[in-house]
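Please look over the sequence and the three-dimensional model shown here before reading on. The report below is about how helices pack and about backbone angles.

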Amino acid sequence: MPKLSHPAQVVSAFDKWAANWSAHYADGNQMGPRIARFEEALQAHGSPGGNVLDFGCGTGEISRGLDASGWRVTACDASRGMIEQAEKRDTRSGVEWIILDHGNALPFEDASFDAAISSSVFEYLTDPIAQAREISRVLKPGGCFCLTVPDPRHPERDREIKKIPFARCTPVWWLISLTRWRDEFTYLRISINRWHLEKWVELLRSAGFSVEEPKGPLHPLLMLAARKSSPKT
């Protein structure tokens with residue numbers, strides 16, 4: 001059986017997780033607070049009502065939350081399974097759901113969106129700078145981009161880092177894949193970008209963004225807020 005490319009491995013994993021993904025957002029579960037966190041991040045940079053892109057939307061909980069807050073949301077993901085689950089759960093919102101291919105190009109015109117978000121997606125990308133440039137392209141000048149990435153300074157991430165060599169050693173991973181730790185180690189295997197703040201800032205700046213100094217207490221997910229630079233006249 002041929003080895004899957006990294007993007008295909010990521011899509012395969014999320015397709016398998018799709019049926020149960022929404023449970024992570026249920027009351028009291030670990031992902032639920034992400035909805036309010038992104039709502040607050042966007043509201044700090046503009047009033048609801050604009051067009052927002054949710055890049056890597058999963059089963060769409062954050063997208064539907066933003067829609068309920070007054071944003072016009074376009075939500076996209078490379079996992080067909082995730083989009084199918086999002087559409088299945090979406091009975092009343094105005095969110096537009098789109099399946100992406102494995103490439104970096106986004107199927108949108110230049111300057112289509114007032115804002116963009118990306119919740120824990122850039123850690124999986126093989127070419128994050130190219131993807132950041134695409135998001136910059138589809139944003140209007142001055143548009144904000146809010147994204148979360150793993151913060152290696154947090155103790156939770158430090159514990160994960162110790163496990164990553166085992167997750168990325170294929171023979172060891174195949175053995176672990178037969179155990180109840182399969183999902184955890186699959187995640188660590190495909191989460192390849194675990195950078196410090198300075199490298200993320202450098203990446204965003206090279207894609208045409210100005211980046212704000214992160215605020216708030218240490219968190220397993222670092223929230224970055226950036227604005228697309230306006231063209232010089």
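What follows describes two helix pairs and then two residues in loops. The model is a predicted one, and the residue numbers run from 1 along the chain as its sequence is written.

**Helix pairs**

Two packed helices are described by the angle between their axes and the distance between the axes. The table sets out these values for both pairs.

| Helix pair | Axis distance | Crossing angle |
|---|---|---|
| α1 (residues 6-21) and α4 (residues 80-89) | within 7 Å | roughly 20° |
| α2 (residues 33-43) and α3 (residues 61-68) | within 9 Å | roughly 50° |

The axes of α1 and α4 cross at roughly 20°, and because angles under 35 degrees count as roughly parallel, α1 is described as roughly parallel to α4. The crossing of these two helices, α1 and α4, is right-handed. On the α1 side, the residues in contact are F14, D15, W17, A18, A19 and W21, and they meet R80, G81, M82, Q85 and R89 of α4. Sorted by class, the contact of α1 with α4 contains six nonpolar, two polar and three charged residues.

For the other pair, the axes of α2 and α3 cross at roughly 50°, and that makes α2 oblique to α3. The crossing in which α2 passes α3 is right-handed. From α2, the residues R34, I35, F38, E39 and L42 take part in the contact, while α3 contributes E61, I62, G65 and L66. By class, the contact of α2 with α3 has five nonpolar, one polar and three charged residues.

**Residues with a positive phi**

The backbone angle phi is the topic of this last part. A111, although it is not a glycine, has a positive phi of about 55°, and this residue is found in the loop that lies between β3 (96-99) and β4 (113-119). S120 is likewise a residue other than glycine with a positive phi, in this case near 55°, and S120 is found in the loop between β4 and α5 (128-138).

Is each of these residues buried, partly exposed or exposed? A111 has a relative accessible area of 34%, and so A111 is partly exposed. S120 has a relative accessible area of 10%, and because buried means under 20%, S120 is counted as buried.

Key. Predicted model: local features only at pLDDT ≥ 70, side-chain atom pairs only at ≥ 80, totals over all residues. Heavy atoms only, no water. Axes fitted to C-alpha atoms, helices over the stretch in contact; angles between N-to-C directions. Helix = DSSP H or I, 4+ residues; strand = E, 2+ residues; numbered from the N terminus. Parallel < 35°, antiparallel > 145°, perpendicular 65-115°, else oblique. Left-handed = near helix turned anticlockwise from the far one by under 90°. Contact = heavy atoms within 4.5 Å. Nonpolar A, V, L, I, M, F, W, Y, C, P; charged D, E, K, R; others polar. Buried < 20%, exposed > 50% of the residue type's maximum accessible area, 1.4 Å probe, protein only.
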